[in-house]
Amino acid sequence: MKTKNLLALSLALAACVARAETISVECEAFDDWGGWVNDTQFMDQMGSPYLLAHGLGRPVADAKTSFALKEGGAYTVWARTRNWTANWGELAAGIFSVVIDGQALGEPLGTGEADWRFVKVGTLTLAPGKHALALHDLTGFDGRCDAIVLSNVPVSESRLNVRLHPFAAGSDKSYDLCVVGGGIGGICTA
């Protein structure tokens, strides 16, 4: 009897572990950027290109992609973004929403702090299988989004907001040589 109970407990624990799922979607890898553009100008500060909704005051077409889940359940959604006008006042210019399967989640994004950081967008219940993901621009004034993370297990905000790239500004790593570019000079140097 004791062996059966241990076996049942082991299987239950294994099932719980198998259900843990966290997915990261880099926005520059979206299938369709819509009216958003791939912006690389701050790679030295944040370590990654991102999508920018540059519509000169007119909202741009949604950036769209899809993702697949192995497990169903409640997923918390995070977006790496920033309020690029936060240094000049409380008014946020680049506001956008994250949309999953046609449903806008939480409050609009791009309204928080000036620094790049993951912001909790909301929680929703998703079935296993393929889902649609979109960035919906609300202002046309340079909304910015680097990545979307979905997880059905608790994720620490501080863990998400560590520097993601070794060459991002403020990195304490040192290198003897860094080759930037794949032109003739870069290839010869490498």
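How many bridges join β1 to β10, and in which sense do the two strands run? In this predicted model, β1 and β10 are joined by five bridges and run antiparallel. One pairing along this edge links E26 with A147 of β10.

The wider setting may be described next. The protein contains four helices and ten strands, and their order along the sequence is α-β-β-α-β-β-β-β-β-β-β-β-α-α. Of its 190 residues, 38% are buried. Among contacts with a separation of 6 or more, 79% are between residues 24 or more positions apart. The protein exposes about 11,200 Å², and carbon and sulfur atoms supply 57% of that area.

Strand β1, which spans residues 22–26, has side chains that alternate between two faces. I23 and V25 point to one face and are buried, whereas T22, S24 and E26 point to the other and are not buried. E26, the residue whose bridge partner in β10 is A147, thus belongs to the face that is not buried.

Strand β10 also pairs with β3, again in the antiparallel sense, over four bridges. Within this pairing, A53 has G143 of β10 as its bridge partner. Strand β3 covers residues 50–54, and because four of its five residues are buried, the strand is largely enclosed by the rest of the structure. Three bridges join β3 to strand β2 (residues 37–39), and these two strands run antiparallel. Here the bridge partner of D39 is Y50 in β3.

The residue D142 lies in strand β10, which comprises residues 141–151. Which side chain of opposite charge is nearest to D142, and how far away is it? That side chain is R144, at 4.3 Å, and D142 is buried yet has no salt bridge. The cut-off for a salt bridge is 4 Å between a side-chain nitrogen of Lys or Arg and a carboxyl oxygen of Asp or Glu. The side chain of D142 does, however, make a polar contact of 2.5 Å with the side chain of H54. Leaving aside residues up to four places away in sequence, D142 touches L52, A53, H54, W84 and G94.

A contrasting environment is found at V180, in the loop between α3 (157–160) and α4 (184–189). Is this residue buried or exposed? V180 counts as exposed because its relative accessibility is 73%, the threshold being over 50%. The C-alpha atom of V180 is separated by 9.5 Å from that of A190, a residue ten places apart from V180 along the chain.

How values were computed. Residues are numbered from 1 along each chain as its sequence is written. This is a predicted model: local features need pLDDT of at least 70, side-chain atom pairs count only at pLDDT 80 or more; totals for chains, interfaces and linings use all residues. Side-chain values use heavy atoms; hydrogens and water are left out. Buried means under 20% relative accessible area, exposed over 50%, partly exposed in between (1.4 Å probe, protein chains only). Lys and Arg count as positive and Asp and Glu as negative; His and the chain ends are not counted. A polar contact is a pair of N or O atoms within 3.5 Å; within protein, one must be able to donate a hydrogen and the other to accept it, and residues adjacent in sequence count only if both atoms are side-chain atoms. Contact means heavy atoms within 4.5 Å. Two strands pair if DSSP finds at least two bridges between them. Accessible areas come from the Shrake-Rupley method with a 1.4 Å probe; for residues, only the protein chains shown count as cover.
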